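Reader: I would like a close look at one part of this protein. Please take the nonpolar core and what packs there.

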Amino acid sequence: MFANFNDNIWDEHQWEAHLNEIAKQNTQLRKFIAPDASDSNPRWLTLLRENSDEWEAVDAFIEEELQLDDPYFEDDESDESDVDDFLWDEWEDEEPPMDEEDDFDAGEEWKELSDEFALSGNGSIEMLDIYNDSRELAVIILQWIEYSNPKFLNKDCTDFVGKVLQIGAKIAGGYGFGFEREFLGGNIAYNKKALYCANDGLTILQRDLKDTSLITRKQYLHFHERLFELRNDIGIYVQELREQFYTSL
């Protein structure tokens with residue numbers, strides 16, 4: 001199938017091929033876990049109805065996508081729990097005891113807000129600007145679709161909403177790999193998927209939704225500006241991760 005981790009360090013292309021293969025294998029799993037995703041109700045709409053607000057719906061969507069996209073390794077089943085651990089560490093809610101010594105001085109807490117800290121082992125995804133921006137945009141899009149006439153829920157609308165929601169899920173999937181060189185290629189591969197989703201969302205917005213009764217001019221300009229900037233920021237982030245990967249040789 002694929003080379004084992006321990007034989008060499010995969011680059012983004014090897015990871016991307018592996019993740020695409022896993023996505024194919026997970027098709028049946030998706031139908032089992034989210035059976036409504038293949039019928040008239042997209043999964044995000046079901047989650048929107050099941051949760052109290054749009055923020056919760058977005059987070060539920062991201063968490064479900066992380067489960068469904070779990071990049072398990074058939075060639076090394078003994079390490080399956082380890083793979084699960086590194087994917088889910090970022091989502092644990094436990095806080096360290098207050099008496100534990102931090103890796104930085106209390107007087108330097110401002111460092112937590114820096115990009116460098118967000119991309120370190122001490123950081124968390126909530127510090128990553130593009131992730132926060134993607135969640136916020138997803139909430140805005142869900143608010144738009146929720147208050148639209150139900151008859152507007154055609155394929156163009158549902159595809160657009162789905163692509164925007166996928167952005168944050170893919171960024172989160174990448175962040176779960178961390179920033180050690182051994183797994184950095186997987187981080188890059190996931191963020192490339194986020195970039196593809198942003199590009200697809202822009203295409204649908206410009207080609208299929210613009211100048212229709214589905215969206216006002218003001219809404220279109222706002223969505224386009226936010227999605228365009230997010231797409232560009234993800235592209236810059238991917239380049240930064242690539243530089244980190246190759247400069248650590």
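Author: Here is the core, then one polar residue beside its members. The model is predicted: local features need pLDDT of at least 70, side-chain atom pairs count only at pLDDT 80 or more, and totals for chains, interfaces and linings use all residues. Residues are numbered from 1 along each chain as its sequence is written, and side-chain values use heavy atoms, without hydrogens and water.

A nonpolar core here is a set of buried Ala, Val, Leu, Ile, Met, Phe, Trp, Tyr and Cys residues joined through side-chain atoms within 4.5 Å. Buried means under 20% relative accessible area, exposed over 50%, partly exposed in between (1.4 Å probe, protein chains only). The largest core has 53 residues. Leu142, Trp144, Phe160, Ile167, Leu209 and Ile234 touch the most other members. At least two core residues come from each of α3 (43–50), α4 (54–68), α7 (129–146), α8 (155–175), α9 (181–209) and α10 (217–247). Helices (H or I, at least four residues) are DSSP runs, numbered from the N terminus.

Take Ile234. Beyond its neighbours within four places in sequence, Ile234 contacts (heavy atoms within 4.5 Å) Ile130, Ile167, Ile171, Asn191, Ala194 and Leu195. A second core is separate. That one has 7 residues, including Trp15, Phe177, Ala189 and Tyr190.

Now the polar residue. Ser134 sits in helix α7. Ser134 counts as buried because its relative accessibility is 1%. Outside its neighbours within four places in sequence, Ser134 contacts Ile167, Gly168, Ile171 and Leu230. In soluble globular proteins, nonpolar side chains tend to be buried together.
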